[in-house]
Amino acid sequence: MTLTVAVTGNAGPKASARHPGIGRSHNIALMGELDHTDPALTNETIELLQQLIRNACVNDGTVESGEEVRNSDLLETFLEGAGVDVESFESEPGRRSLVARLSGTDPAAPKLCLMGHTDVVPVNPDGWSRDPFGGELVDGEVWGRGAVDMLNLTSSMAVAFRHIVRSGYRPRGDVIYFGVADEEAGGTYGAKWMAEHHWDAIECDYVLTEFGGMPNHTPQGTKITLAAGEKGIGWRRLTVRGTPGHGSMPFGTDNALIKAAEIVRRIAEYRPAPQLTEMWQHHVSTLRVDDETREALLDPARVYDAVAGIDSPGLARHLHACSHTTFSPNVVGGGNKTNIIPDKVEIEVDIRTAPGDPVEVNEHLRAALGELFDEVEIEHLHDDPASSSPTNTPMWQLLSELVAKAHPGAPVIPQLIVGATDARFFRLKGAVAYGAGLFSNRVNSNDFMLRFHGNDERVDVDSLALSTQLWIDVIRNLGDVANR
Ligand SMILES: [Zn+2]
């Protein structure tokens with residue numbers, strides 16, 4: 001996904017009371033937000049983030065890309081000497097992940113894993129107004145690929161973890177820092193591989209990872225979203241057969257491409273039943289829409305039209321994806337020569353299943369294709385179920401309380417991630433996984449989504465301060481989590 005973001009004017013460096021030497025601007029409200037953060041630690045997070053960005057661990061999906069060894073070694077050096085055991089794991093040459101553990105005082109207490117991926121997605125530098133791998137600090141923002149996905153969290157988690165270790169504090173349960181490779185291409189050489197081969201190293205009760213903590217400004221006030229679930233993946237390759245013949249005599253022939261075109265048309269037109277889960281109801285509560293639209297969005301019979309009536313295309317797209325299993329035919333291949341009627345066409349469809357959807361992916365395809373279903377061969381390219389974690393847990397409660405320190409009175413709303421993250425591997429193993437973090441009022445959900453895999457990705461220093469403090473507070477309150 002590549003999106004263009006308007007670049008805000010650079011007003012030039014401004015002195016900051018809390019981060020001397022760091023040019024940034026903020027208002028009174030932000031000063032309040034930051035009262036409980038530590039400027040020295042924030043500076044550590046800034047510097048570590050800059051180095052992680054500059055290492056440019058770009059994952060293009062090939063096994064030889066990523067080279068997360070650079071960021072893994074950087075994090076190892078950062079954490080080493082703090083008095084913790086650091087172990088690294090290499091699934092393939094260069095695809096290194098790192099695990100550091102701070103042992104708790106009570107082996108029976110809940111274990112927490114802070115997981116940050118170390119890879120980033122590719123960029124098109126033409127769309128950027130600064131060096132995507134420069135890690136520049138400009139007007140209180142750190143620029144570069146990974147600034148919000150998710151080196152901001154990977155760095156702030158490492159800083160919080162090291163700070164806790166150095167302070168001599170012993171949490172009740174084990175705390176694990178997991179800097180993981182290959183999230184951006186599905187975790188094959190990272191979290192998936194670790195869960196399959198080294199589960200002992202990362203086994204935990206709770207994992208906190210990307211992404212959450214964005215303020216949503218709604219007519220009912222500010223609400224903060226944390227991720228509690230994500231959609232499933234059901235990628236399929238459909239092979240359509242025909243009978244070869246001479247292109248000069250098409251009449252009445254069995255042309256695989258014409259059949260494939262009709263199949264693509266039916267998939268595009270297919271409308272599965274909406275899945276209006278509890279998480280969807282929460283999501284709707286965060287929207288800036290009028291009451292009538294809000295009601296329609298919660299009505300299975302009207303939700304599709306309500307989404308279609310929303311005037312922001314990006315928002316409509318996201319809302320549709322959050323409430324439906326989606327089908328996007330994205331790759332097509334077939335035919336050999338202009339004068340030969342093709343006997344084989346392949347179509348790849350990106351299918352994302354909604355949590356709670358009782359219909360199997362292939363049954364959806366049967367419904368979409370009608371009688372043509374029997375004419376296609378279906379190959380499963382990738383299957384992962386949708387996953388979610390309950391929110392009636394002590395960890396959710398703790399996160400809600402900590403979020404309120406920065407955003408007083410703002411309720412925390414569980415949200416669905418429409419893509420996939422490494423959280424799913426932990427949920428499959430029975431751990432509770434949330435997408436967390438904490439952003440300042442300088443970033444709203446919309447900005448965040450535009451920067452995510454987009455141009456001019458950047459994060460403000462205040463958000464780095466808040467996230468760093470969030471992880472510290474979570475670790476310090478682990479005993480509470482055990483007692484609740
Ligand atoms: Zn990410």
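Is Glu 210 buried or exposed? Glu 210 is buried, with a relative accessible area of 3%; buried means under 20%, exposed over 50% and partly exposed in between, using a 1.4 Å probe and protein chains only. Before we go on, note that this is a predicted model, where local features need pLDDT of at least 70, side-chain atom pairs count only at pLDDT 80 or more, and totals for chains, interfaces and linings use all residues. Residues are numbered from 1 along each chain as its sequence is written, and side-chain values use heavy atoms, with hydrogens and water left out.

Let's start at the metal. The zinc ion is coordinated by His 117 (NE2), Asp 149 (OD) and two OE donors of Glu 210, at 1.8 to 2.7 Å. Donors here are N, O and S atoms within 2.8 Å of the metal (3.2 Å for Na, K and Ca), and sites may look incomplete because water is not among the atoms. Asp 149, like Glu 210, is buried, at 2% relative accessible area.

Now to the rings. The structure holds nine aromatic pairs, counted when ring centres of Phe, Tyr and Trp (its six-membered ring) lie within 6.5 Å; planes under 30 degrees apart are stacked, over 60 edge-to-face and the rest tilted. One of them joins Phe 211 and Phe 448, tilted at 45° with 5.2 Å centre to centre. Phe 211 is buried at 14%, and Phe 448 is buried at 1%. Both belong to one aromatic cluster with Phe 439 and Phe 452.
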